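Please read the following account alongside the sequence and the coordinates. It proceeds from a helix to a buried position and then to the aromatic rings.

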Amino acid sequence: MEAGEPAAIPDSATGSGKQPRSVRVVLLALMIAMMLAMLDNMIVGTAMPTIVGELGGLEHLSWVVTAYTLATAAATPIWGKLGDLYGRKNTFLISIVIFLIGSALSGMAQDMGQLIGFRAVQGLGAGGLMVGVMAIIGDLIPPRERGRYQGMMAAVMALAMIGGPLVGGTITDNWGWRWSFYINLPLGLVALALITVVLHLPRKRQQARIDYPGALLLTVGITAIVLVTTWGGTEYAWTSARIMELTGIGVAALVGFVFWQTKAAEPILPLHIFRSRNFTLMSVIGFVTGFVMFGATLFLPLYQQSVQGASATNSGLLLLPMLGAMLVTSMVAGRVTTNTGRYKVFPLAGGVLMVAGLFLLAQMDTGTSRLTSGVYMAVLGLGMGCLMQITMLVAQNSVEMKDMGVASSSATLFRTLGSSFGVAIMGALFNNRVLDEMSARAGALGSQATEQSAQLDAASLAKLPEAAREAYQYAVSAGTHSAFLLGAGVAVVVLIAAFFVKEVPLRGASGPKEEDTDPGSGGGTAVKAPVAESV
């Protein structure tokens, strides 16, 4: 394929027939990269006690995760814009290389300071992994055909959430904690080789300069907001001077960023994409979905371990009813969307099911059986399955091909920010309720048991006297009640937003070939939503 030639795919790949083998190879490589981005924190989390035992620095332990999260969130929109300007393939390959360098350096860290710094490098690369996957799929596969691949992406997500803790524990126990980072290297190199050899996209030679002031303002704003959600209620009180300062800095930086984007020649986040009603609504729905999903994945295992006596070793398996329902629904939604071109029903159904599932989960108490809680989780999973991939699909369908990268990165960023706010706000509500209940039911003993943290591990729980242990189980069920009730209230926003979604026809390979001037092709034309036979 020539450098400036738009990719194209035969009917057999976009109709009912099989896609070309090269497309399947590229999708395999993209799914590996997506797996790396989603699996990393879950694998590393199980290795944390061992890492602290060898490197020390317990007081800085939270920064091992925070540094990675900050770098990922701040880099996400910038990677998306770089892909639009200079081509997705090379940008994606660079992000993989940076992620692998960060992984290798993290595995070689000799103290906690080094590990935190190297985790930030790893996070910078990770910011481009998920965005690159979504944007390249957006380039290769028209929205009308993309639904058939939703099950594949949902399966990767479910596999990461279920298998992450199991894989992390196995690696740490048998090979040592350093291999929880080194394991990324062979998988990443496979993805790197496959994409380098098989993927061929039109090259771009964009002359516009990078919007450095916009990138700086956005990075400062996102960093401050993520730190507020990470530190608030844990490291610092929500009303403390430090949190107020960070809030002020974050708001000022983001307001300045929005103003600057109206002036910049080549803005990092073109504000015109928000003129699309569907894109704006999908951003809102994505934020709320992230808020609910990551809050649920944090508190459900905690409830099942503390109240129902489940094993922490198999914590990923505890989420199987929710993730299995999400996987099945995502596959069905994708097939229906591909076959009919209709999709508005899924955000509506997802909103209803999400509100219902969270409300049911809020009813759990110390006497709720695992079967009952599994059914409640499945209802929530059905709702999330209707939303997870449809939000990205509709967001990408709402913008021109030249903005595919920023659309993908924006959708990813809103979901990431939603997850940060969800964990922080639901966590604060949970912690306060647990502390209050422990103080009321177990008196001084209860307050002493939870003075360091409202979330006790199995070992700490086993050491408590019978009365304090029963009080803690009641307190956890009360805390999850409050957290999930809040989630149900927030999820109503999804239902309201979905009602206003306009069912715009999805672009398809068999439809009219709209043309758009590629800024990097010297005035040539590129087919919208191209799919490559040779990829």
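The expected span of a helix is 1.5 Å times one less than its number of residues. The model considered here is predicted. Helix α12, residues 277-306, has 30 residues, and the distance from its first C-alpha to its last is 44 Å, close to the 44 Å expected at 1.5 Å a residue. This helix is mostly covered, with 23 of its 30 residues buried.

A second helix, α9, spans residues 184-198 and contains Ile195. Because buried means under 20% relative accessible area, Ile195 counts as buried at 0% relative accessibility. Leaving aside residues up to four places away in sequence, Ile195 touches Ala29, Leu30, Lys89, Phe92, Leu93 and Ile96. Ile195 and Leu27 are separated by 168 residues in sequence, yet their C-alpha atoms are 9.3 Å apart in space.

The aromatic residues may be taken next. The structure holds nine aromatic pairs. In one pair, the ring centres of Phe499 and Phe500 are 5.4 Å apart and the planes stand at 90°, so the arrangement is edge-to-face; planes over 60 degrees apart count as such. The two residues of this pair fall into separate accessibility classes: Phe499, at 55% relative accessibility, counts as exposed, whereas Phe500, at 46%, counts as partly exposed. Phe499 also has a charged neighbour, since Lys344 lies over the face of its ring at 5.9 Å from the ring centre. Elsewhere, ring pairs link Trp175, Trp179 and Tyr182 into a cluster.

Key. Residues are numbered from 1 along each chain as its sequence is written. This is a predicted model: local features need pLDDT of at least 70, side-chain atom pairs count only at pLDDT 80 or more; totals for chains, interfaces and linings use all residues. Side-chain values use heavy atoms; hydrogens and water are left out. Helices (H or I, at least four residues) and strands (E, at least two) are DSSP runs, numbered from the N terminus. Buried means under 20% relative accessible area, exposed over 50%, partly exposed in between (1.4 Å probe, protein chains only). Rings of Phe, Tyr and Trp (its six-membered ring) pair if their centres lie within 6.5 Å; planes under 30 degrees apart count as stacked, over 60 as edge-to-face and the rest as tilted. A charge sits over a ring if NZ of Lys or CZ of Arg is within 6 Å of the ring centre and within 35 degrees of the ring normal. Contact means heavy atoms within 4.5 Å.
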